[in-house]
Amino acid sequence: MILTSALVCLALNVYHEARDQSTAGQIAVAQVVINRTNDDRYPNTVCEVVQQGPVYKNTDLPVRHKCQFSWYCDGKKDYAEDTEALTKALAVASTVIDGQTIDIVDGATHYHAVYVHPDWAKTKVKTVRIDNHIFYRWQGTEHYQEYIPPPLPRPLNLFEGVQDD
């Protein structure tokens, strides 16, 4: 596995936001970041999405407790102490970045833990609950387009044009 900045940023986000969740819960958290990179309301890169939030004037230090992902600006150390959990987070992040998973959160760009009740949740459409997180997407479909598979081709009729004797 080649470690890119996007992979490291996504893995750290999965680690800090969902290391105690199931694999599906970790994929869901990673998918939210990817969904944000594909939404014009958010930055275009994984690291910019993960690190999004206001910074103190004339610095690059994030304002405490004002980031999109709380772990990034909670004032605690951001390194991963649990190497086993980090290894799993790296595998999950790699799988999601490489597009090897489906969007199990149905276009969600937001989530929160079940024990908090943010005001913004009232303005979003709930898509799914996975483990201890509830996922949401924007209302309307102008920024989320559901994948609709193309129609199946008409079955080949080997006997078309053949007449009975």
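A polar contact is a pair of N or O atoms within 3.5 Å, where one must be able to donate a hydrogen and the other to accept it. Keep that in mind for the end of helix α4, where a side-chain oxygen of Asp82 lies 3.2 Å from the backbone nitrogen of Glu84. What you're looking at is a predicted model, with four helices and three strands. Here's a quick tour, topic by topic.

**The overall picture**

- Follow the chain along its sequence and you'll meet the elements in the pattern α-α-α-α-β-β-β.
- The protein has 165 residues, and 36% of them count as buried.
- Its accessible surface adds up to about 10900 Å², and carbon and sulfur atoms account for 52% of that.
- Take the contacts between residues at least 6 apart in sequence: 55% of these join residues at least 24 apart.

**Helix α4**

- α4 runs over residues 83-97, so it's a 15-residue helix.
- From first C-alpha to last, α4 reaches 21 Å, close to the 21 Å expected at 1.5 Å a residue.
- Asp82 caps the N-terminal end of α4.
- After α4 comes Gly99, which has a positive phi, near 75 degrees.
- The buried residues in α4 are Ala85, Ala89, Leu90, Val92, Ala93, Ser94 and Val96.
- A handy thing to know when you look at a list like that: an α-helix has 3.6 residues a turn, so residues three or four places apart point the same way.
- What covers these buried residues? Among the elements doing the job are α1 (5-18) and α2 (23-37).

**Two partly exposed residues**

- Ile97 sits in α4, and its contacts beyond four places in sequence are Ala6, Leu7, Leu10 and Ile34.
- Ile97 and Ile34 are 63 residues apart along the chain, with 7.5 Å between their C-alpha atoms.
- Is Ile97 buried or exposed? Neither one: buried means under 20% and exposed means over 50%, so Ile97, at 34% relative accessibility, counts as partly exposed.
- Thr23 belongs to helix α2, and it's partly exposed too, with a relative accessible area of 39%.
- Leaving out residues up to four places away in sequence, Thr23 touches Lys88 and Val92.
- Thr23 and Asp131 are 108 residues apart along the chain, and their C-alpha atoms are separated by 9.8 Å.

**The nonpolar core**

- In soluble globular proteins, nonpolar side chains tend to be buried together.
- In this model, the largest nonpolar core has 33 residues, and the members touching the most other members are Leu10, Val33, Val46, Val105 and Phe135.
- Which elements give two or more residues to this core? They are α1, α2, α3 (46-50) and α4.
- Phe135 has plenty to look at: beyond its neighbours within four places in sequence, its contacts include Ala28, Val29, Val32, Val105, His110, Tyr111, Val125 and Ile130.

**How far to trust it**

- The mean pLDDT of the protein is 84, and 81% of its residues reach 70 or more.
- Over residues 141-149 the pLDDT is below 50, and this stretch has seven contacts in the model beyond near neighbours in sequence.
- Where pLDDT is low, the predicted coordinates should not be read in detail.

How values were computed: Residues are numbered from 1 along each chain as its sequence is written. This is a predicted model: local features need pLDDT of at least 70, side-chain atom pairs count only at pLDDT 80 or more; totals for chains, interfaces and linings use all residues. Side-chain values use heavy atoms; hydrogens and water are left out. The expected span of a helix is 1.5 Å times one less than its number of residues. Buried means under 20% relative accessible area, exposed over 50%, partly exposed in between (1.4 Å probe, protein chains only). Contact means heavy atoms within 4.5 Å. Accessible areas come from the Shrake-Rupley method with a 1.4 Å probe; for residues, only the protein chains shown count as cover. A nonpolar core is a set of buried Ala, Val, Leu, Ile, Met, Phe, Trp, Tyr and Cys residues joined through side-chain atoms within 4.5 Å. pLDDT is the predictor's confidence in each residue, from 0 to 100.
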